[in-house]
Structures are given as C-alpha cells and as structure tokens.
Amino acid sequence: MQVAAAATLGILAAALWWRRHPSACPYGQRFWLRPPHPLITRARLRRVLEPKRGERILEVGPGTGHYSGEVAEALGPPGCLELLDQQNEMLKHTVARLASAGIDNVAATVGDALELPFETNRFDAAFLVAVLGEVPDQERALRELARVVRPGGRLVVGELFGDPHWVRPRRLIERAEASGMSYDRRLGTPFGYFARFRM
C-alpha cells in the first residue's frame, strides 16, 4: 500500500515538474506519441482545419507524423505541408514515414516556434496538436504564427486533457486573441478539443 502511494506521489510530482518546465518530447521517447487520440482524431482535425487542394499549410511539432499524412493528402501535389520541429530526428522519421506511404508533398525545416524561419504571410493555415503547452513562451509562439499565416488564414490548436502540458480552452483563447487572432470555433469538449482561429 505504501509503495503504491509513494509511486503515485512520484508520478504526480514528475507531472507537476514537467508542466512547470515545458519542453518537447525527445525523439528517444517517441513511444509516448503513439497512444490513441480518441477526442482529437485525424477526422476531427481535418473537419476543423478544412485543408484545401493547393494550399500551403504549416504543422508545428509533427512528432512522428500522426496527423501529417492525412493533411498532406488533402492538399494534393499542388499544395505543400511544411513540417517544423526542433528535432531533426523527428523530422527525418516523419518524412520517411510519409514517403513510404507515397506522400511527397511535404517539406521539413528544423526550427523553433518562438522564431519561425519563414517570411510573413507565407501560409494559408497552420496547426499544432498537443504542442503549444510545450513551448516556454506561448504568447510569442502565437504571435509568430499570426505573422506567418496570411490575413484571413486559419490556425488550429489541438489539446488533450491528461497531457502534462494541456492548455485550457479559455487560456488558449485569451492568448490567441492577445496575439491578434479572432476565435472562430471549437470542435470537441474542453478535455479534448480543436480550436480554430482566424488571422
């Protein structure tokens, strides 16, 4: 009984530390990215993001590419899905995974969400799923996303309760609006949702 209680406290302490010290999931621990995503599914992302053939869309923090393939396929060869991650290993993994599925309309860039290496108004849309909470300065990251997405474009942020870096819907809306975006709509529950914003 005491061992179980100590283990539970240890897990809670680790989760609290991780929440207060946000960082990206290391490539060596990518197995954490594999669990099912029951509330933030690929189909729901596609419904709220509404990717259109020929568009250029940015995905920040694709991890192992759970959402990347479906979005890239929707864009078609005229379009492009640009992947941005701090870890080159993650990008190589995702690009290889997509290539093995016959998807080649992707480009990969190593970079930081706090200083996106793209020109202003480059993208029609952007999305990030269970990533924003890992960024040390969320407001700055949102301002950067507002800069690189064209006026009238859209940003979709996905969050799932249980993730140590989960961002509550109200907090997300406040930060996005402070960055110059307007809240459009939310798909899902507060515990697992996609929120869409317009530039």
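The largest cavity encloses about 30 Å³ of space, a cavity being a set of points on a 1 Å grid over the protein atoms alone where a 1.4 Å probe fits but cannot get out, and a volume being the space filled by probe spheres set on the points, which are joined across faces, edges and corners. The structure is a predicted model, in which local features need pLDDT of at least 70 and side-chain atom pairs count only at pLDDT 80 or more, while totals for chains, interfaces and linings use all residues. Residues are numbered from 1 along each chain as its sequence is written, and side-chain values use heavy atoms, with hydrogens and water left out.

A search of the whole structure returned one cavity of 30 Å³ or more. The lining of the largest cavity (residues with an atom within 4 Å of a point) consists of Val60, Ala113, Leu116, Leu128, Leu132, Val135, Ala141 and Leu145. These divide into eight nonpolar, no polar and no charged residues, where Ala, Val, Leu, Ile, Met, Phe, Trp, Tyr, Cys and Pro count as nonpolar, Asp, Glu, Lys and Arg as charged, and the others, Gly among them, as polar.

The largest nonpolar core (buried Ala, Val, Leu, Ile, Met, Phe, Trp, Tyr and Cys residues joined through side-chain atoms within 4.5 Å; buried denotes under 20% relative accessible area with a 1.4 Å probe, protein chains only) has 29 residues, of which Leu58, Val60, Leu128, Leu145, Leu155, Leu172 and Met181 touch the most other members. Leucine 128 is in contact (heavy atoms within 4.5 Å) with Val60, Leu145, Leu155, Val156, Val157 and Gly158, residues up to four places away in sequence not being counted.

Key:
On a 1 Å grid over the protein atoms alone, a cavity is a set of points where a 1.4 Å probe fits but cannot get out, and a pocket is an open set with protein on both sides within 12 Å along at least five of seven lines; lining residues have an atom within 4 Å of a point. Buried means under 20% relative accessible area, exposed over 50%, partly exposed in between (1.4 Å probe, protein chains only).
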